[in-house]
Every structure is written in C-alpha cells, then in structure tokens.
Amino acid sequence: MEGGGGGTDMNSVPDGVVQHVLSMLSNVRDVAACACVCRRWRECVPYLPALFFPRNAFDTAAAAGGAADDAIGRMVASVERLRELVIYCPFSMARLPEWLSLRSASLRVLELRMDAAAADKAEDGGYLDCIGLARGLEELRLWGVSLTAAPAWGRLDRLRVLEIVGAPLEDSAVKDAIAACPNLTDLSLLGCDCSGAVSIELPLLERCRLDFLGSGNCSLSLVAPRVESLEVQGFTWITLRGDHSLRRLSIAKSTGRVYKVDTGKLPDLEHLSLRGVQWSWAAVNSVLQCARDVKHLVMKIEFCGDFDALQPFPEVDLVDFFNSHPNLRKFDIHGAMFAALCQKNSLKSLDARFCIPCLEEVLITVRSPLNAEQKLNTLESLVKYSVRLRTMVIRISQMKNCHDAADDFFEEICKFKYMNNKKVRVE
C-alpha cells in the first residue's frame, strides 16, 4: 500500500528482516497462519529456530485420528534448522523417533509433556531411549515420565540442563540416567516420587533442585564441587561430600522428619533456608554451625525431636547466636525459633559491649502469646543492639484471640511499634 507520505508495504522489506521477524515465532498456530500469507513468508519457515506445540494445538478429533501426529511430522520436516522443539499437545510416542531423527543434527533443546502422549508408553521407560538420537541436545525437559528403569539413550555429553517433572523414580535409574549426562550444569527433579538412596556425582553441576514427594525416608548424597545453588525437599538424610561453592542452600520437608544434615563448612553461603514440620535439633544446629558467614537466614521449622513426639526448640542464647553469625543481614524467623530466643536464659549474656553489626532486616512470625514479657524483651534487644537495622516486620499469625493474654500481648506489640515507628511495623 502506497500513500502520499511515501509509505511502503511488506514486499519492500529486505528478506533478512522478514526472516528475522518471523524467526521470533514458535507457536505452530502462528507459524501456520503466517505460512499461508504468501510464498515469501512460507519460504522463511525452514529457517525458524523453534517450534512450540501448545496443549490445544489440535482438536480432540485430530489428536485421536492421528492427524495431529502427521501435522507435527510435517512441521518438523519443514523446519530444516530446528534448534528447539517443545510438544505439550497429545502425540504418539511411536512417531517421536522419526521426528528426532529428522532434526538430530540441529536440535539443541527438547521439551516433552509425556503425560499428554498417547497411551503407548512402555512400562519400563523404554520409550525414552529414542532421545539418544539427538546427540547434540543441550537442554532436556520431560514432564510426566516414568523413570523406574534407566533409559538406554547412551551418553549425552553436550547436555547441560536436565529437568524431569512429576515422575515416579527408582534410585538406581536416577543414578544411571544422570551418569549418562556427565556434564550437567543444571539438574531439576521436581514433584517426583522416590524412596531410597539418591546418589549424584556431577563435577560441573552449578544449580540443583530436588523436590521429592511423600513422607518416606529418602537420603541424598551429593558430590558437586562447583554447585552454587541447592534446593532440596523431601529428604530425611542429606550429605554433601567433598568441597563445594554453595551460595544458596534451601532444605525443606513438609511431612516426616529431617534427621541429619551434613554439609561441611559453608564459607561462601549467602542464603540459607530451613523449613519443615519437624527437624532433629542436631540437624538444625549442624547446619547453623557450618553457615557462620550466612547473610540471609530463613528459619521456618515448627518443631524438633528425633521421634514421633513433637518437641519445642531448646533455649538459644541470643548473644551466642549473633556472635556466631556476625554477617547476618536479613533474618526471617518463624515462631518456634523466635520462642527459643525468648527463653528466660536467652538474654543472660547481654551487656553494653554487645552489638549485632550487620543486621538490616528482620521478619518475625509470632503465633503464641506465651512468654510475652520475654518476647518483648527480645524484640527490644534486637532493635537496640542492631546498629544497622532498617526494618522489623512483626507478623501475627494464627494467634488464638479468645484469651485475654493474646489481646494484652497484641496491645504491647502495638506500643512497641509506636515507640519504634520508623523501623517497626506489624502485619
């Protein structure tokens, strides 16, 4: 279309610009629509770097009749330089080897929702073997797989990222599968169901997320000298062997108990998060002793105890705690740990020489009015001795307000906030 202002239509745009614009498309519906516009646009399809088949890419009739598989095959065959293939829609596993063979030379990223695949998956996990056809893969993400037997995909030396979501796992299969990817830098096993002993040795691993379901006893042994970020959920025993470079560590267990955590010294640790219903105090104390230089600490553990009986935290001396963690800048503390700092002997070591040198932010969750006087004394001490404190947030959570003690305690908290209104707020 031309106008008096010298406007131009798309035919005057250089081929390279058109290819660059269209290369930003990945959703197959958008690709198909653009390919129908004109021959020039259709000729750009072979140069697309990625294809994304969303959950609703095809209607139910097409998926059931095999037309969806045919369409996927045509699209994959038409994109000669395909680097990324993502399939969320239902497809037949029997056709996957064909598609991977077509683009094995160029494919670098593969993501499959196996729970959407047709019900032709072998029980032993053999349907995953064909992934080995794409020898150049750098990133692999699988949803809804079954990894109860090690896949025979051979060594994937170029694979850097492996993510498996929502899978039943066997510990031996996990070990063999990871051993076939020796150069991983990122490993995520999320929402997986496994019990037993999980052992991981990856010399180049930098980031690791392990989220295991269930209340059973599961142990983790990790050897990863370059790991910087580790997030684990659902393990009862955790051991980090050898040297490591951890900067971020998060350990949680929503059901059951954490009995033992052996991390070794954590001199580079900046962020530490401990969460769960019940931990052995020996496990809590071990991690805190190893993380003396931590800068951000999150403590959200409900109870202690080595057996079924839920026990409160033992007394924690406030002066000893902060002297042992002099670099602490941000402290997110839940009711149980806060109560441990508020026992009658927790402030016995306070004197005029004591100070908390680096603490800047504190978030305290209070769930009980018990020991109200001690808790107020602890709050006052944190404000008084934290020379760099900027913000203290007191979060009142699930406190039973049917008793006069709760009302009186809340009133005292409000007075404390009023006296320190520039630093303290109540939620």
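**Surface patch, helices and polar contacts in a predicted model**

Val-277, Phe-303 and Leu-310 form a nonpolar surface patch of about 220 Å². The model is predicted. Within the patch, Val-277 belongs to strand β14 (residues 271–279). Val-277 is partly exposed, at 33% relative accessibility.

Two helices were examined for length and burial. Helix α5 covers residues 67–78. Its 12 residues should span 16 Å at 1.5 Å a residue, and the end C-alpha atoms lie 17 Å apart, in agreement. Buried positions in α5 are Ala-68, Asp-69, Ala-71, Ile-72, Gly-73, Met-75 and Val-76. Helix α11 (residues 372–385) has 14 residues. From first to last C-alpha, α11 reaches 20 Å, close to the expected 20 Å. Its buried residues are Lys-375, Leu-376, Thr-378, Leu-379, Ser-381, Leu-382, Val-383 and Tyr-385. These residues pack against helices α9 (318–324), α10 (335–340) and α12 (404–419), and against strands β17 (361–366), β18 (391–396) and β19 (424–426).

The model contains 19 salt bridges. One of them joins Glu-139 to Arg-141, with the closest N and O atoms 2.9 Å apart. Glu-139 is partly exposed, with a relative accessible area of 26%. In another, Glu-206 pairs with Arg-207 at 3.2 Å. Both partners are partly exposed: Glu-206 at 24% and Arg-207 at 36%. Arg-207 is also in contact with Asp-186. Asp-186 sits in strand β6 (residues 186–193) and is buried, at 17% relative accessibility. Beyond its neighbours within four places in sequence, Asp-186 further contacts Arg-160, Val-161, Leu-162 and Leu-205.

A salt bridge also links Asp-332 and Lys-300, whose closest N and O atoms are 3.9 Å apart. Asp-332 lies in strand β16 (residues 330–333) and Lys-300 in strand β15 (residues 296–304), so the pair ties together parts 32 residues apart in sequence. Asp-332 is buried, at 12% relative accessibility, whereas Lys-300 is partly exposed, at 23%. Elsewhere, salt bridges connect Lys-330, Glu-360, Glu-361 and Arg-390 in a network.

The disulfide count is zero. For Cys-192, the closest cysteine sulfur is that of Cys-194, 8.3 Å away. No bond is possible at this separation, because a disulfide needs sulfur atoms within 2.5 Å. Cys-192 is buried, with a relative accessible area of 0%. Cys-414, by contrast, is partly exposed, at 33%.

Technical notes:
Residues are numbered from 1 along each chain as its sequence is written. This is a predicted model: local features need pLDDT of at least 70, side-chain atom pairs count only at pLDDT 80 or more; totals for chains, interfaces and linings use all residues. Side-chain values use heavy atoms; hydrogens and water are left out. Patches are made of residues with over 30% relative accessible area and no salt bridge: like charges are joined within 9 Å, nonpolar side chains (Val, Leu, Ile, Met, Phe, Trp, Tyr) within 5 Å. Accessible areas come from the Shrake-Rupley method with a 1.4 Å probe; for residues, only the protein chains shown count as cover. A salt bridge is a side-chain nitrogen of Lys or Arg within 4 Å of a carboxyl oxygen of Asp or Glu. Helices (H or I, at least four residues) and strands (E, at least two) are DSSP runs, numbered from the N terminus. Buried means under 20% relative accessible area, exposed over 50%, partly exposed in between (1.4 Å probe, protein chains only). The expected span of a helix is 1.5 Å times one less than its number of residues. Contact means heavy atoms within 4.5 Å.
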